[in-house]
Amino acid sequence: MVFKKWRHTRPFFGAILSVLSGLMILWVPLNLYLSTFLPGSVAVIGLLFGGLITLMGLMSFFLPSASKALGIIVIFLSILSVIGALGGFLFGTIFGIIGGALLTAWRMVPADESAGAPVSDTAAQPAKTG
């Protein structure tokens, strides 16, 4: 029950997908480690982007209020990771875009809504027009 409560107070699935995406993007340049650190190699960019995406996913666990900015950064880095790491064979890019979108769409639920208190049903009422 404690884990379920903790999970609902942060963008859990967006963070998990972002961390998974970062690890997929890191996998390609780490397997090419002999050529990664040669001068002029763009595989270092894959290490940088994959590490940053993993870091952003972990930061969203601890800073849920910054999830919108972190999600936007994850989406940009996931798309740009195609340059240096083939985007984790494009699975990392797709997971990064989905994870970043989930991070961006997540919102913190106010305490009264999460406690199960009835919410005013303003959407069900017809809108007044002039």
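Start with everything shown as a surface: the accessible surface of the protein comes to about 8300 Å², and 76% of that belongs to carbon and sulfur atoms. Areas here come from the Shrake-Rupley method with a 1.4 Å probe, and for residues only the protein chains shown count as cover.

A word on ground rules. This is a predicted model, where local features need pLDDT of at least 70 and side-chain atom pairs count only at pLDDT 80 or more, while totals for chains, interfaces and linings use all residues. Residues are numbered from 1 along each chain as its sequence is written, and side-chain values use heavy atoms, with hydrogens and water left out.

**Whole chain, as cartoon**

Switch to cartoon and you'll find 7 helices and 0 strands, so the pattern along the sequence reads α-α-α-α-α-α-α. Helices (H or I, at least four residues) and strands (E, at least two) are DSSP runs, numbered from the N terminus. Colour by burial next: of the 130 residues, 34% are buried. Buried means under 20% relative accessible area, exposed means over 50%, and partly exposed is in between (1.4 Å probe, protein chains only). For contacts, meaning heavy atoms within 4.5 Å, take the ones between residues at least 6 apart in sequence: 71% of them join residues at least 24 apart.

**Select 12-31 and 43-62**

These are helix 2 and helix 4, packed at an angle of about 160 degrees with their axes 8 Å apart. Axes are lines fitted to C-alpha atoms, for helices over the stretch in contact, and angles run from 0 to 180 degrees between N-to-C directions. Helix 2 and helix 4 are therefore roughly antiparallel. On that scale, angles under 35 degrees count as roughly parallel, over 145 as roughly antiparallel, 65 to 115 as roughly perpendicular and the rest as oblique. The crossing of this pair is left-handed, a label used if the near helix is turned anticlockwise from the far one by less than a right angle (clockwise would be right-handed).

Show side chains in the contact: Phe-12, Ile-16 and Leu-30 are among those on helix 2, while helix 4 brings residues including Leu-47, Ile-53 and Phe-61. The contact residues divide into 14 nonpolar, 9 polar and no charged. The classes go like this: Ala, Val, Leu, Ile, Met, Phe, Trp, Tyr, Cys and Pro are nonpolar, Asp, Glu, Lys and Arg are charged, and the others, Gly among them, are polar.

**Add 67-89**

That range is helix 5. Helix 4 and helix 5 also pack at about 160 degrees, axes 8 Å apart, which makes helix 4 roughly antiparallel to helix 5. Their crossing is left-handed. Pick out Phe-49 and Met-56 among the helix 4 contact residues, and Leu-70 and Leu-77 among those of helix 5. The split for this contact is 13 nonpolar, 5 polar and no charged.

Now hide helix 4 and look at helix 2 against helix 5. Their axes come within 8 Å and cross at roughly 30 degrees, so helix 2 and helix 5 are roughly parallel. The crossing of helix 2 and helix 5 is left-handed. Trp-27 and Val-28 are among the helix 2 residues in contact, with Val-74 and Phe-89 among those on helix 5. Here the count is 8 nonpolar, 6 polar and no charged.

**Zoom to Pro-29**

Pro-29 is found in helix 2 and is buried, at a relative accessible area of 1%. Draw a distance to Gly-88: the two sit 59 residues apart along the chain, with their C-alpha atoms separated by 9.0 Å.

**Over to Ile-83**

Is Ile-83 of helix 5 buried or exposed? At 56% relative accessibility, Ile-83 counts as exposed. From Ile-83 to Phe-49 is 10.0 Å, C-alpha to C-alpha, across 34 residues of sequence.

**Leu-90, in the loop**

Leu-90 lies in the loop between helix 5 and helix 6 (91-105). Check its backbone: phi is positive, about 70 degrees, although Leu-90 is not a glycine. Most residues other than glycine have a negative phi. With 47% relative accessibility, Leu-90 counts as partly exposed.

**Last stop: Gly-92**

Gly-92 is in helix 6 and counts as buried at 0% relative accessibility. What does Gly-92 touch, not counting residues up to four places away in sequence? Select Ser-21, Met-24, Ile-25, Ser-78 and Gly-87. One more distance to draw: Val-82, 10 residues from Gly-92 in sequence, is 9.1 Å away, C-alpha to C-alpha.
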